[in-house]
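User: I'd like to go through this model together, one piece at a time. Can you take my questions as they come?

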Amino acid sequence: MEHMNKPVPLFVLSGFLGSGKTTLLTRAIDYYKAQGKLPAVIMNELGDVNLDGLLVDVQVPMTEILSGCICCSVRGDLGTAIMNLVAEQRPDVIFIESTGVANPIETLEGVTEASLLARVEMKGVVTVVDCRHLLELSRGGAGKTFRLMQDQIRCASVLLLNKTDLVTQDELAELERLIRSWNEYAEIVRTVKCEADMRLFDEAEHAEGPFSGMAALHDDDHVCTGDCDHASHGGAHDHEHGEAHDHEHVGAHDHEHGETNDHEHGEAHDHAHGEAHMHSDAHADSAHADRHHHTHDHVMVYTHYLAGPIDSEKFERFIAGLPASVYRGKGVLTFADTGNSRFLFQYAYREADFMKITPQGDVQDVVVLIGEHMPKEQLRKALEAL
Ligand SMILES: Nc1nc2c(ncn2[C@@H]2O[C@H](COP(=O)(O)OP(=O)(O)OP(=O)(O)O)[C@@H](O)[C@H]2O)c(=O)[nH]1
């Protein structure tokens, strides 16, 4: 009975597109399952297909929140997803894999709102960092992506400095110094393919008080970036997670779909056929909406369904020729020249990866590209020509 009343621990897995969040998630799931525990997952994707979900054990309860970002456009869905998972599955832990462009502060606000509806307790933000990507951005100066990565790092209670295989030891030391200057609290773990001691989740679960990412947010020395909004810091952390809450708050956070929003999602709003769209919704709490700031207005998704099997060499040439504006690619493909075998394809910061898979159920061949001001028409033509 006591177990039933215990809040369900909840972790947010953060990190820029392609940094390794799903890689970490699968390790964390294996770790909990090996102890006979039931992990549950909320997976958020900008696009309208969840390909990462193909990598998650089918027995793990998973809720997909697609076509928007839980830090803003589909934030209301997060509360419902958490509430239903807790009520129906009674998991031992919930992992929320945010989109790679989610603003962590606003994601935390979303979780806070959800904790009004379900008995959950926020236990940590684990941010995965793509070493080479951060290094190159830090040397190239500012930019929206760099600032977003900074925010994701600042909010972390644990930082996985991932893809260490792609940088030198000196570069790693340089990165650690940089990261420490942004977040002096979080434990930093160097990893390849997120291979870390998963007891980090146990430690966070049993830690006293609010998780240390909160401390980073409350830090008076916290240096703001152009996108950083102190109002949202306060809003996210006025009260402790998992505690009983005054239900008057719930109504205040309701939002209605269909109204115009006072912030724009830029090109993500483009509803051309085959593309993901961000919902146009408004938060009834206008003060809440006012303090929204969007670090990912510039990000767009292009989803392209393939008519049938394609040639692997042609596809590899397509990938090699992708413009720098494409940050991330994912897909399920059938290669005609490999006996119609099916592959899960990944492209993250210039690295491509193919994994042979046998998808469960009816999974259509699809390529999802995520980037900034991508030449969509050119990409569409190139994909059609495969
Ligand atoms: N070289 C290298 N590749 C890695 C490492 N960790 C993950 N990858 C690869 O990077 C790609 C992206 O990994 P994911 O775990 O899907 O990244 P993600 O953060 O979940 O991506 P999004 O959900 O799209 O934001 C995959 O092809 C991984 O195999 C690493 O340490 N080194």
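Analyst: Sure. One definition before we start: two strands pair if DSSP finds at least two bridges between them. Keep in mind that this is a predicted model.

User: Then which residue is the bridge partner of Leu160 in S7?

Analyst: Start with the strands: S6 and strand S7 (residues 187–190) pair in the parallel sense over four bridges. Together with helix H7 (residues 169–182), S6 and S7 make a right-handed β-α-β unit. Within S7, the bridge partner of Leu160 is Val189.

User: In what order do the seven strands of the open sheet run?

Analyst: The pairing in this open sheet is parallel. S3 (62–65) and S7 each have a single partner strand, so they stand at the edges, and one side of each is left without a neighbour in the sheet. Neighbouring strands here are turned by 20 degrees against each other on average, ignoring direction. The order is S3-S2-S4-S1-S5-S6-S7.

User: What is the bridge partner of Phe11 in S5?

Analyst: Strand S1 (residues 8–14) pairs with strand S5 (residues 120–130) in the parallel sense, over seven bridges. In S5, the partner of Phe11 is Gly124.

User: What angle does the direction of helix H2 make with that of S4?

Analyst: Helix H2 (residues 21–34) packs on the sheet. Its contacts there are with S1, strand S2 (39–44), strand S4 (93–97), S5 and S6. Against the direction of S4, that of H2 makes about 170 degrees.

User: Which element of the chain has the lowest mean pLDDT?

Analyst: Across the chain, pLDDT averages 77, and 76% of the residues score at least 70. At the high end among the elements is strand S6 (residues 158–162), with a mean of 97. The lowest mean, 27, belongs to helix H11 (residues 248–253).

User: Over which residues does pLDDT stay under 50?

Analyst: The model does have 116 contacts beyond four places in sequence for this stretch. Where pLDDT is low, though, predicted coordinates should not be read in detail. The stretch is residues 214–293.

User: And for the chain as a whole, what share of the residues count as buried?

Analyst: The chain has 14 helices and 14 strands. Taking contacts between residues at least 6 apart in sequence, 79% join residues at least 24 apart. To count as buried, a residue needs 20 or more other C-beta atoms within 10 Å of its own. Of the 386 residues, the buried share is 43%.

Methods: Residues are numbered from 1 along each chain as its sequence is written. This is a predicted model: local features need pLDDT of at least 70, side-chain atom pairs count only at pLDDT 80 or more; totals for chains, interfaces and linings use all residues. pLDDT is the predictor's confidence in each residue, from 0 to 100. Helices (H or I, at least four residues) and strands (E, at least two) are DSSP runs, numbered from the N terminus. Two residues are in contact if their C-beta atoms, placed from the backbone, lie within 7 Å. A residue is buried if 20 or more other C-beta atoms lie within 10 Å of its own, exposed if 12 or fewer, and partly exposed in between; C-beta atoms are placed from the backbone. A crossover is right-handed if, with the strands pointing away from the viewer, the path from the first strand over the helix to the second runs clockwise. Axes are lines fitted to C-alpha atoms, for helices over the stretch in contact, and angles run from 0 to 180 degrees between N-to-C directions.
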